[in-house]
Amino acid sequence: GFDYRELRIAASAARGGAALYATGRDATFPMPDGPWPATGAIVAAIETASGTSAIAVGKPEPALFEVARGRLELPADRIAVVGDTPGSDIEGGRRAGMSTVLVQTDSPRRDVAPADFVIGGLPDLLADEGSRRLR
C-alpha cells in the first residue's frame with residue numbers, strides 16, 4: 001500500500017536533500033482485471049511533489065542487466081531478456097546488448113514490440129517451435 005501520508009513524507013525528505021532512488025519507472029503492470037499502477041506512478045508523484053528527479057537503478061537501466069550478466073558469466077549475446085513490458089524489460093535488454101523476448105500478456109500487439117522475438121506466453125519458450133526460433 002501507499003498513501004498520501006507516505007507521499008508527503010517522501011516528498012518532504014527529497015526536498016530536504018535526501019537522495020531519491022527509483023527501482024523502476026513502469027507506470028503500470030499487467031493484472032487479470034487490467035493494468036494496475038506500478039512503481040513509476042508512485043515515483044512520478046514523489047518527483048512532482050518534491051520538485052526533484054529520482055535516480056533510476058532498475059529496468060530499463062543497463063546496470064541491472066549487467067549485474068545479472070556478470071553473475072551468469074556469459075557474454076551479452078548469449079543471454080535473452082524475457083519480459084512483458086516493452087518500455088522496461090525489452091528496452092533494458094536492448095540497452096544492455098542482449099536478445100529480447102516479449103511475452104504478450106494481453107491482446108497481440110506485434111506493432112509495438114521492439115523485441116527480437118514475440119511469444120504468446122511463457123509456455124511458448126518450452127515448445128519445440130519456440131525453442132527452435134530462439135536458438
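Biologist: What share of the 135 residues of the chain count as buried?

Modeller: In this predicted model, 30% of the 135 residues count as buried. The label goes to residues under 20% relative accessible area.

Biologist: And how much surface does the chain expose, and which atoms supply it?

Modeller: About 8,500 Å² is exposed, with 55% of that area coming from carbon and sulfur atoms.

Biologist: Let's turn to the fold. How many helices and strands does the chain have, and what pattern do they follow?

Modeller: There are 6 helices and 7 strands. Reading along the sequence, you meet them as α-β-β-β-α-β-α-β-α-β-β-α-α. As for contacts with a separation of 6 or more, 38% of them are between residues 24 or more positions apart.

Biologist: Strand 5 caught my eye. Which of its side chains are buried, and which are not?

Modeller: They alternate along residues 80-83: Val-81 and Gly-83 are buried and point to one face, while Ala-80 and Val-82 point to the other face and are not buried.

Biologist: What makes strand 5 and strand 6 a pair?

Modeller: Two strands pair when at least two bridges are found between them. Strand 5 and strand 6 (residues 99-103) have 4 bridges and run parallel, so they meet that condition. Across from Val-81, in strand 6, stands Thr-100. Between the two strands the chain passes through helix 4 (residues 86-95), giving a right-handed β-α-β crossover.

Biologist: Why is Ser-88 given the class it has, buried or exposed?

Modeller: Ser-88 has 1% relative accessibility. The cut-off for buried is under 20%, so Ser-88 counts as buried. This residue is found in helix 4. Leaving out neighbours within four places in sequence, Ser-88 is in contact with Asp-26, Lys-59, Pro-60 and Phe-65.

Biologist: Thr-85 sits in the loop between strand 5 and helix 4. Is Thr-85 buried or exposed, and how do you know?

Modeller: Its relative accessibility is 18%. That value is under 20%, so Thr-85 counts as buried. Not counting residues up to four places away in sequence, Thr-85 touches Asp-26, Ile-90 and Leu-102. Asp-26 also appears among the contacts of Ser-88.

Biologist: Now the charges. How many salt bridges does a search of the whole structure find?

Modeller: The search finds 5. One of them brings together the side chains of Arg-25 and Glu-47.

Biologist: What makes the contact of Arg-25 and Glu-47 a salt bridge?

Modeller: The test is a side-chain nitrogen of Lys or Arg within 4 Å of a carboxyl oxygen of Asp or Glu. For Arg-25 and Glu-47 the N to O distance is 2.9 Å, so the pair passes. The two residues are 22 residues apart, with Arg-25 in the loop between strand 1 (21-22) and strand 2 (28-29), and Glu-47 in helix 2 (residues 39-50). Arg-25, at 39% relative accessibility, counts as partly exposed, whereas Glu-47, at 17%, counts as buried.

Biologist: How do you know that Lys-59 and Asp-89 meet in a salt bridge?

Modeller: The distance from N to O is 2.5 Å. With the limit at 4 Å, the pair qualifies. Lys-59 lies in the loop between strand 4 and helix 3, and Asp-89 in helix 4, so the bridge ties together parts that are 30 residues apart in sequence. Lys-59 is partly exposed, with 30% relative accessible area, but Asp-89 is buried, with 6%.

Biologist: Which residues are linked in a network of salt bridges?

Modeller: Glu-61, Glu-91 and Arg-95. Within it, the side chains of Glu-61 and Arg-95 meet at 3.5 Å, N to O. Those two are 34 residues apart, Glu-61 in the loop between strand 4 and helix 3 and Arg-95 in helix 4. Glu-61 is partly exposed at 27%, and Arg-95 is partly exposed at 43%.

Biologist: Last one: which residues form a nonpolar patch on the surface?

Modeller: Tyr-21, Ile-55 and Val-57, with about 300 Å² of accessible area together. Patch residues need over 30% relative accessible area. Val-57 has 41%, so this residue clears that cut-off and counts as partly exposed. Val-57 is found in the loop between strand 4 (55-56) and helix 3 (62-72).

Definitions and conventions:
Residues numbered from 1 in each chain as written. Predicted model: local features only at pLDDT ≥ 70, side-chain atom pairs only at ≥ 80, totals over all residues. Heavy atoms only, no water. Patch = residues over 30% accessible without salt bridge, like charges linked within 9 Å, V, L, I, M, F, W, Y side chains within 5 Å. Areas by Shrake-Rupley, 256 points an atom, 1.4 Å probe, with all protein chains shown as cover. Buried < 20%, exposed > 50% of the residue type's maximum accessible area, 1.4 Å probe, protein only. Right-handed = clockwise from strand over helix to strand, strands pointing away. Contact = heavy atoms within 4.5 Å.
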